[in-house]
Amino acid sequence: MKHLISTKQFTDVNKLEEIFQLADRYSQGNVAEALKHKIIACIFYEPSTRTRLSFETAALRLGAEVISTENASLFSSAAKGETLEDTIKIISSYADAIVLRHYQKGSARLASVVSSVPIINAGDGAGEHPTQALLDLYTIKKELGRIEGLKIALVGDLLNGRTIHSLINLLSIYNSNILYLVSPQELKLPASFKRLLDNKKVNFIEETNLTKILNKIDVLYMTRVQKERFKKIEEYEKVKDAYRLDGKAVQQMKKESIIMHPLPRINEISTDVDGDERAAYFRQAKNGLYIRMAILDLLLN
Ligand code: NCD
């Protein structure tokens with residue numbers, strides 16, 4: 001694996017297990033200076049809190065140095081009209097790896113064609129967000145002890161949510177899970193993903209009513225309606241409040257279930273859920289650091 005562009009690059013569970021084991025090691029504080037003398041570039045054309053800062057922390061914890069531009073549309077030569085390809089060609093001659101977030105689907109793949117160093121896709125528009133999916137899977141494993149035989153509800157913006165797209169690819173590798181795809185009609189999972197699921201071991205059920213399935217599921221994965229992907233604000237307004245989980249609704253869930261969210265949340269989960277032990281989203285975000293340490297280590301060494 002030279003670049004990490006899509007979770008479609010993973011076809012068996014062994015590689016995933018290798019990443020999880022490395023993440024486990026790093027979470028226990030076993031930090032060798034695996035990236036000493038390396039330079040990691042973080043190039044972000046879209047807003048980010050967790051992804052950029054956890055990647056930068058991961059690099060620093062492994063002994064690397066970081067160069068970054070957190071608002072590349074404005075602060076890099078993109079503002080003067082430079083193409084992404086030219087920018088990446090240059091940065092790949094400075095740094096040993098590039099973590100890239102860009103607003104266009106397919107941008108990470110484009111970058112990987114011209115880059116002489118590993119490209120890590122940190123989100124390409126409504127396309128994918130592979131490292132988020134890896135940390136999501138790692139969180140399910142850590143919290144529930146397995147990634148098989150589970151009922152998993154993926155809720156919200158399944159059309160535009162790149163974390164969902166990447167996670168679905170990974171879940172389709174595992175056996176005997178049931179996925180509930182819960183969204184308003186307007187935000188249903190693209191047909192290409194459904195075709196992919198049809199050919200895999202995973203079963204899926206499309207649903208619009210979250211309340212109906214709350215007491216059945218082991219994992220509730222909530223997502224934000226991706227406002228920045230809508231052409232018209234009225235269309236966003238129509239669906240933005242489609243699903244809201246509060247403390248009362250959580251009472252219907254199984255005791256041993258978990259609630260996840262890639263964050264940021266807007267109003268999909270009210271703060272009165274945060275104190276419930278099933279609320280795993282802050283633990284999930286922390287797991288991102290260890291997964292990103294593992295990814296950097298594997299790609300660079
Ligand atoms: C997600 C993203 O950027 O796709 N955020 C993240 O990286 N944790 C989810 C989102 O923005 O809704």
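This is a short dialogue on reading the cavities and one sheet of a predicted model.

Q: How many cavities of 30 Å³ or more are there in this structure?

A: Rolling a probe the size of a water molecule over the atoms shows where empty space is left. In this predicted model, the count comes to two cavities of 30 Å³ or more. The largest cavity holds about 70 Å³ of space, and about 50 Å³ lies in the second largest cavity.

Q: Which residues line the largest cavity, and how do they divide by class?

A: The lining includes Val 155, Gly 156, Met 222, Thr 223, Val 225, Ala 242 and Glu 268. By class, the lining of the largest cavity has six nonpolar, three polar and three charged residues.

Q: Is Val 225, one of these lining residues, buried or exposed?

A: Val 225 has a relative accessible area of 10%, and because this is under 20% it is buried. Its place in the chain is the loop between strand E8 and helix H9 (233-239). When neighbours within four places in sequence are left aside, Val 225 is in contact with Asp 157, Leu 187, Phe 230, Tyr 236, Val 239 and Lys 240. Val 225 and Ala 242 are 17 residues apart in sequence, and from C-alpha to C-alpha they are 8.8 Å apart in space.

Q: Which helices each supply at least two residues to the lining of the second largest cavity?

A: They are helix H6 (130-144) and helix H11 (281-300), and H11 gives the most, with five residues. The lining includes Arg 50, Gln 132, Leu 135, His 261 and Tyr 281, and its residues divide into four nonpolar, four polar and two charged.

Q: In what order do the five strands of the open sheet stand?

A: Strands of a sheet pair through backbone hydrogen bonds, either parallel or antiparallel. Here the order is E7-E6-E5-E8-E9, and the pairing is parallel. Strand E7 (203-207) and strand E9 (258-260) stand at the edges with a single partner strand each, so one side of each is left without a neighbour in the sheet. Neighbouring strands of this sheet are turned by 20° against each other on average, with direction ignored.

Q: Over how many bridges do strand E8 and E9 pair, and which residue in E9 is the bridge partner of Tyr 221?

A: Strand E8 (residues 219-222) pairs with E9 in the parallel sense over three bridges, and the bridge partner of Tyr 221 in E9 is Met 260.

Q: Which strands does helix H8 lie across?

A: Helix H8 (residues 191-198) lies across strand E6 (178-182) and E7, and runs at about 145° to E7.

Conventions:
Residues numbered from 1 in each chain as written. Predicted model: local features only at pLDDT ≥ 70, side-chain atom pairs only at ≥ 80, totals over all residues. Heavy atoms only, no water. 1 Å grid on protein atoms, 1.4 Å probe; cavity = no way out; pocket = protein on both sides within 12 Å on 5 of 7 lines; lining within 4 Å. Points joined across faces, edges and corners; volume = space filled by probe spheres on them. Nonpolar A, V, L, I, M, F, W, Y, C, P; charged D, E, K, R; others polar. Helix = DSSP H or I, 4+ residues; strand = E, 2+ residues; numbered from the N terminus. Pairing = 2+ DSSP bridges. Axes fitted to C-alpha atoms, helices over the stretch in contact; angles between N-to-C directions. Contact = heavy atoms within 4.5 Å. Buried < 20%, exposed > 50% of the residue type's maximum accessible area, 1.4 Å probe, protein only.
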